[in-house]
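Have the model open while you read this one. We'll wander through it one piece at a time, with the cut-offs given along the way.

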Amino acid sequence: MSTRVVEVVPVRIGEPLRLPLLLSRVPAGFPSPADDYIEEALDLNELLIRHPAATFFMRVEGDSMVGAGIHSGDLLIVDRAIEPRPGYVVVAAVCGELTVKRLKLHEGRLCLMPEDGSHEPLPIREELEVVIWGVVTCVIHPLV
Amino acid sequence: MPGAIALVDCASFYVSCERVFAPSLRGVPVVVLSNNDGCVIARSEEAKALGIAMGAPYFQIREKLEREGVRVFSSNYALYGDMSRRVMAVLRSFSPHVEVYSIDEAFLELPRASEEELRSEALRIRERVGRWTGIPVRVGVGPTKTLAKLASERAKAVPEQVLALMRPEHIEAVLEETPVEEVWGIGRRHAARLEALGVRTARQLRDLPDRWVRRHLSVTGLRTVWELRGISCLPLELAAPPRRTLVRSRSFGRAVTDLMELREAVTMHASRAAEKLRALGLAAGALVVFVSTGAYGQGPHYSGSQLVGLPLPSNDMRMLARAAWDGLRRVYRADCAYRKAGVLLLDLVPAGGVQGDLFAALDERSRSLMRAVDALNRRWGGETIRLASAGFARPWEMRQQRRSPRYTTSWAELPVVRA
C-alpha cells in the first residue's frame, strides 16, 4: 500500500484572533441566548472625545455662561485640536486666568461673550493678551 | 532606503507643563525643584537669564528666588508623565516609527524628502504639538540620529525653533561651526583627548580615519563618526524592552529613626508598586527592601537591603507589604537616622496563569479584592483604600510644599475655569 499526497494546505500564521469570553459555562444548564450577541461595552470616551491627546477636563466656577447651559460646578470637555470659530464656546486665557465664554464676531472683531444677559462683550485686543486655549465640546452637568 | 530622522525636544518641559494650565506663568521666571524640594531641575528662559543654575540647592538660592519674584514649583511627575504621553501620541500621528528617548525627547523616522520639505514637516510637527498639548517643542532633522540631535541643538538659536540639516554643504557648514564636545556621544573625556590632537570641530572629527577612531574612541566613537558622515548606525528603538524590575522609593522629608515609621514608608511603596504591577498585568516573584542614611549627616552611615522571595508570584498589596515588612526587620538598625527607603520588585512575570490549581480559589479572591481596591482608588484618588500599616499622618513624608495640582490625572484637582 502506498500513501498519496492529495493536497498540501499552506498554514497561515497571522495575527492572533481575540474572541470575546463567553459568559456562561457550557455544561450546566442552557447557554445564555445572548452569547452570540456579545459586543464591546459602550464607552463614553469613544463618543465624547475625538482627540484624546488634545482633550482636557476642566471644572467651572461662576454663572456667566448659564445661557449656554454651563453652570457652576459643571465639568467641561475641552478639545485643543479643534480650530476655534465664531459661535463656538471656548476656554480662553485672559490676563493670566482661564475663562469660558462664547467666541463671537461683534462689529467686525472677535469678542468673548458671556451668556447671562448682563455682561458686556470682551473684545480681543492685543494688549489684553487673550489666548484661545481650546474649544468646549461638551458640558457634563450632574443632576443627582 | 533610510529616510530622515527628526529629534523632537520639549523646551524646558516641566516648566512648559506648569504653564499650560496656569497662563499667569507665561513670561515670568519659573523653576521646578527635584523630589523633596532639593534643587533646581528645570528653569524657564527668564529664570536662566537671572543666572539661576541647573542643580542649584533650593535652600541656598531661596532668598534670591523670592527677591526676583521667581515662581517655584515642587516636581509634579503625575502631570509631566501625562503631558509627555500626550506629546508622544501627537508625534505618532506623523510617523509610525517613534522612539521615546526620554520624558521630553523623541526620535521620529520620516520619509526621505528634500531639506525644504522636511523643514516644512518639522514646522507642522511643532505647530500641532503646540496646539494640541500646549507644549512648545524644538525639532531638528538630519539623515542620522546624531545629525538630528545636532540640528535640534542648533534650532535653539533659530526663531522658528526648527532646523533641517540634509544638504551636504549645509551639514558641512554646521559641522565646521560645531565644537567637538557638542557632538552627541562624545563625552568630556574624549573631547579633551581629541582637542589635545588638534581636533576641535565636528567636521575634523568626521574626517578622522576609521582605524584611528576605533583605536582611540572605540566602536561607539566610530559609530558617532559614521553618523556624522550621514551613515545611519543607531537604529530607532521602537519598543521598550520588557520590564524586568520595578522600583519605588522616595527620600524622607526628615530623618527617620523609628521602625514603625519606616514600616509605613515601605508598606506604602510596596502597595504602590503592587498597584503599578496590576496596571501592567504583571506579578513579582521577589522583593528587595532597602533603607539608607545617605552619605552625609551625623551618626553612622548605613545602607542595607534584603531580598525576600514570595511563595508565588503576586501583585497583591498585602503579600508584597508583608514581604517588605519581613525584609525591613532584618535590615533595620536602631542607631541610624534614615533618609530614604524603598522597594525593588524582581522576577516579574505576566499575571494570571501563575498559580497552581491548589491556589486558584485563593488567587481569585485576591484578584477581585485588588480589582475593587483599584477601582475605588481610581475613582476617589490616590490611596483612598490603603493598608493601615502604610500610615495616615506620615510625618516622614517628603516635602512637596509647592506642587501644582495634578490637572490631568485627578478628578479632584482639575483646572478651574471662570465663567
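**A helix to start from**

At 1.5 Å a residue, the 22 residues of H11(B) should span 32 Å, and the end C-alpha atoms of H11(B) are 31 Å apart, which agrees. The expected span here is 1.5 Å times one less than the number of residues in the helix. Helices (H or I, at least four residues) and strands (E, at least two) are DSSP runs, numbered from the N terminus. Right after H11(B) comes Gly281(B), with a positive phi near 70°.

Some housekeeping before going on. This is a predicted model, so to speak of local features takes a pLDDT of at least 70, side-chain atom pairs count only at pLDDT 80 or more, and totals for chains, interfaces and linings use all residues. Residues are numbered from 1 along each chain as its sequence is written, chains are lettered from A and ligands numbered from 1 in the order in which they are written, and side-chain values use heavy atoms, with hydrogens and water left out.

Back to H11(B), and to the cavity. Searching the whole structure turns up one cavity of 30 Å³ or more, and the largest cavity holds about 50 Å³ of space. On a 1 Å grid over the protein atoms alone, a cavity is a set of points where a 1.4 Å probe fits but cannot get out, while a pocket is an open set with protein on both sides within 12 Å along at least five of seven lines; lining residues have an atom within 4 Å of a point. Grid points are joined across faces, edges and corners, and a volume is the space filled by probe spheres set on the points.

Which element gives the most to the lining of the largest cavity? That's H11(B), with four residues. Helix H11 (259-280) and helix H13 (357-380) of chain B each supply at least two. The lining includes Ser271(B), Arg272(B), Glu275(B) and Arg278(B), along with Met317(B), Val373(B) and Asn377(B). By class, the lining of the largest cavity splits into three nonpolar, three polar and five charged residues. For the record, Ala, Val, Leu, Ile, Met, Phe, Trp, Tyr, Cys and Pro count as nonpolar, Asp, Glu, Lys and Arg as charged, and the others, Gly among them, as polar.

Next, the five-stranded sheet of chain B. It is open, runs in the order S5-S6-S1-S7-S8, and has mixed pairing. Strand S5 (98-102) and strand S8 (162-164) of chain B sit at the edges with a single partner strand each, so one side of each has no neighbour in the sheet. On average, neighbouring strands of this sheet are turned by 15° against each other, direction ignored; the axes are lines fitted to C-alpha atoms, for helices over the stretch in contact, and angles run from 0 to 180 degrees between N-to-C directions.

Two strands count as paired if DSSP finds at least two bridges between them. S1(B) pairs antiparallel with strand S6 (residues 105-110) of chain B over six bridges, where Asp9(B) has Glu105(B) as its bridge partner. S1(B) also pairs antiparallel with S7(B), again over six bridges, and there Ile5(B) is matched with Gly142(B). Strand S7 (residues 137-142) of chain B, in turn, runs parallel to S8(B) over three bridges, with Val139(B) bridged to Val162(B).

Is S1(B) buried or exposed? Seven of its seven residues are buried (under 20% relative accessible area with a 1.4 Å probe, protein chains only), so S1(B) is largely enclosed by the rest of the structure. In a regular strand the side chains alternate between the two faces of the sheet. Here both faces are covered: Ala4(B), Ala6(B), Val8(B) and Cys10(B) are buried on one side, and Ile5(B), Leu7(B) and Asp9(B) on the other.

S1(B) also helps line the second largest pocket, which holds about 580 Å³ of space. Among its 26 lining residues, those closest to the centre are Cys10(B), Ala11(B), Ser12(B), Phe13(B) and Lys48(B). H1(B) gives the most to this lining, with five residues, and the classes come to 10 nonpolar, four polar and 12 charged.

S3(B) is another contributor to that pocket, and S3(B) belongs to an open, mixed sheet in the order S3-S2-S4.

Definitions and conventions. Buried means under 20% relative accessible area, exposed over 50%, partly exposed in between (1.4 Å probe, protein chains only).
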